[in-house]
Amino acid sequence: MNLQSYPLAALRRLRTRWALWRAGPQVRAGQDLHLGARCRLWAPQRLVFGRAVYVGKDVHIECNAEIGDFALIADRVALVGRQDHDFRVCGVPMRFTPQISPTMVAMPASVDPESDVVRIGSDVWLGFGCLVLTGVRIGRGAIVAAGAVVAADVAPYDIVAGNPARPIGRRFDSDAAIAEHERRIRLGEFRLSERGDAHWTVRPGA
């Protein structure tokens with residue numbers, strides 16, 4: 001029995017709780033959220049994590065966002081607002097323009113809180129160092145390749161890559177395979193453990 005895994009797991013859980021507390025009450029998390037080291041979380045209205053979401057190291061989420069169950073967010077991913085600064089203000093240098101910030105300086109009529117959101121479906125994988133802009137919806141089961149810049153919606157189960165991100169393939173080769181995948185997830189049991197993947201519960205439905 002690896003006794004060292006217990007204090008490490010406790011420290012990881014503490015790190016996640018500390019990051020959530022620092023981010024404020026507008027951030028809500030489902031069961032089994034993992035936040036890697038040096039994550040930056042901030043949202044003007046809301047940031048919601050589903051169940052068993054994994055967030056890697058050095059991830060920056062600085063916008064309103066909704067992240068579905070079982071999402072996998074790799075290291076150095078960024079979710080950011082595309083309208084954080086009101087660059088159309090005449091006579092004001094860029095550094096001093098009205099902005100969305102922790103002090104909630106509002107941008108006049110330039111941001112709709114309901115549309116200026118990143119929505120990431122369940123079972124999505126965001127690859128290392130990708131960038132996702134607000135207003136984007138990434139469909140269930142999609143994969144975003146490392147380094148991609150996502151400025152438009154991604155269809156469910158599409159694989160996208162590049163700048164701007166474009167479809168390069170599909171995760172499954174048929175609708176029947178997708179339906180079977182979703183059925184087995186729905187009927188299965190899946191739990192993360194901060195002790196490591198040897199202690200996860202991974203039981204797809206029969």
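**Notebook: strand 10 and helix 2**

Started with a cross-strand pair: I67 sits opposite I120 of strand 10. Note to self: I'm working from a predicted model.

Next I looked up the strand pairing around that spot. Strand 7 (residues 64–67) and strand 10 run parallel and share 4 bridges. Then I checked strand 13 (residues 137–138), which is also parallel to strand 10 and is joined to it by 2 bridges. There I found R119 standing opposite R137 of strand 13.

Which way do the side chains of strand 10 (residues 117–120) point? I get V117 and R119 on one side, V118 and I120 on the other. That's the pattern I'd look for, as side chains in a regular strand alternate between the two faces of the sheet. I also checked burial: all four of these residues, R119 included, are buried.

Moved on to helix 2. I have it at residues 175–187, so 13 residues by the DSSP run. From first C-alpha to last it reaches 18 Å, close to the 18 Å expected at 1.5 Å a residue.

Which residues of helix 2 are buried? I noted I178, H181 and I185. Looking down the axis, I see the buried residues of helix 2 within an arc of 65°, so they line one face of the helix. The spacing rule fits in here: an α-helix has 3.6 residues a turn, so residues three or four places apart point the same way.

What does that buried side pack against? I traced the contacts of helix 2's buried residues to strand 17 (166–170) and strand 18 (189–191). Last, I checked the face of helix 2 turned away from its buried side, and there I found D175, A176, R186 and L187 exposed.

Technical notes
Residues numbered from 1 in each chain as written. Predicted model: local features only at pLDDT ≥ 70, side-chain atom pairs only at ≥ 80, totals over all residues. Heavy atoms only, no water. Expected span 1.5 Å × (residues − 1). Buried < 20%, exposed > 50% of the residue type's maximum accessible area, 1.4 Å probe, protein only. Arc of directions from axis to C-beta. Contact = heavy atoms within 4.5 Å. Pairing = 2+ DSSP bridges.
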